[in-house]
Amino acid sequence: MLKNFLGSSPVWFKYTIVFFLIFNVFSLYILGPTVTAWLFIAEFIFTLAMALKCYPLQSGGLLAIEILILRLTSPEAAKVEVIQNFEVIFLLMFMVAGIYFMKPLLMYIFSKVFIKVKSKVMLSLLFLTMAAVLSAFLDALTVTAVLIGVAVGFYGIYHKILSTDTDYNESGILDRKELGGETLEQFRAFLRSLIMHGVVGTALGGVCTIVGEPQNLLIGEKLGWDFVDFFLHMAPITLPVLVAGMITTVVLETTKIFGFGSKLPKPARTIIENYTLKQDRTRTASQKYGLLVQAISAVFLILGLAFHIAPVGFIGLGLIVIQTAFMGIVEEHSLGKAFEEALPFTGLIVVFFVIVAMIHEQHLFNPIIDWALSLEPDHQPAVFYVANGVLSMISDNVFVATVYIGEVKSAFDAGDISADQFRRLAIAINTGTNLPSVATPNGQAAFLFLLTSSLAPLINLSYGKMAKMALPYTIVLSIVGYLGVLFFL
């Protein structure tokens, strides 16, 4: 039983999970529900940190089941959380699968970018800026799915060359001998740094607009803001933060600290360049037609998301239908592969909402909200920013924003705060939940998606490495955002 329990995970990890499950029962009756709920949060974060040893769906799922058994929350409350965030689940079910069929086009575009942009600093800035711009108008998870697709495809090219007896750079040495060992580790570090710049970019862009993050739409609705109003109200804080993020990217790549700075190895660049040239020469008419279908689908995707013609999940499903219909992919087993990437994460997200429901049911954040609202009005925005930021690091930023904006709206409706104060607190809540939350993967769904994706083990991206690489961004973005709230509100 022990051998099969949690599979190939380390034995000490198996014993730790068993200890958690037993200890939590005694904790509930000795320490009470509030302390036990905080322990569950810490334990769930631990399972996320061990994602490369054991996928969190199993270990975290056992904790979620125990939460329901111990009645720290109910299935009905968890269902409410799932329904409120159904667009995120809908997106994962279909949009990620839609991106799967676009991988040949993405690889065609980005392989040219990787090879032609030789400056790592410029390439990093390009990734961060593109992710920020796309996330401001589209969706952070969709952009992250694109980044993951590109990186997995690029690693696939590398691994394919590594596994064959070829000599694309005509050096007289087999490519697999040149691409192994330290070169492979440097290549992984190169991809790891680029993908981290990209996901940070999704946070930088997501905070700027009403469609950038799910909670932004909720905040905008409470205040009666449209797209332009939201952008203008946030701009005094979000634009300086964006510039600070770009400067941080340049500094990190120049100084090569916190795991950044690795360049694409020269042998790898030459070999991959020659490989892509050969692929271009040997591309069949059917493959060229496929690229054309994918390009038209990409235009449909961008227009559909930018103008919000339908929920994101529907657009993703439409993307699947168009691409598979016109590329002749009609077998069920061929379609199934497209859903393999996102469905495990979809299950994990539902488990996560059980944890969120427990936080809500046990009113874990209420003391902080009550204390913040009791302060002098001039001090409230900065305190709300810090409180939202800290709580978003350990919880879900969408949930934290939902709770806080709801409480502030109630205070406004009761006449306890003015309309101007309501506006200031809303800005503090939006920036507080979106910026400091880059510190940990559980803070933002895009970060958690990356950590649990098929790419993470390929490039050795663990919870610890992600937190370490995000640390300089967390410090800079949090401080600049705090100063903006302090002086510009």
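Student: Which residues is Gln 421 in contact with, leaving aside its neighbours within four places in sequence?
Tutor: The model is predicted, so local features need pLDDT of at least 70 and side-chain atom pairs pLDDT 80 or more, while totals for chains, interfaces and linings use all residues. Residues are numbered from 1 along each chain as its sequence is written, and side-chain values use heavy atoms, without hydrogens and water. Contact means heavy atoms within 4.5 Å. Outside that stretch of sequence, Gln 421 touches Pro 377, Gln 380 and Pro 381.

Student: Is Gln 421 buried or exposed?
Tutor: Gln 421 sits in helix H21, residues 419-434; helices are DSSP runs of H or I with at least four residues, numbered from the N terminus. Buried means under 20% relative accessible area, exposed over 50%, and partly exposed in between, using a 1.4 Å probe and protein chains only. The relative accessible area of Gln 421 is 5%, so Gln 421 is buried.

Student: How far apart are the end C-alpha atoms of helix H7?
Tutor: The expected span of a helix is 1.5 Å times one less than its number of residues. Helix H7 (residues 120-137) has 18 residues, so the helix should span 26 Å. The computed distance agrees: 26 Å.

Student: What type of aromatic pair do Phe 154 and Phe 187 form?
Tutor: Rings of Phe, Tyr and Trp (its six-membered ring) pair if their centres lie within 6.5 Å; planes under 30 degrees apart are stacked, over 60 edge-to-face, and the rest tilted. The structure holds 23 aromatic pairs. In this one the centres are 5.8 Å apart and the planes at 40°, so the pair is tilted.

Key
Helix = DSSP H or I, 4+ residues; strand = E, 2+ residues; numbered from the N terminus.
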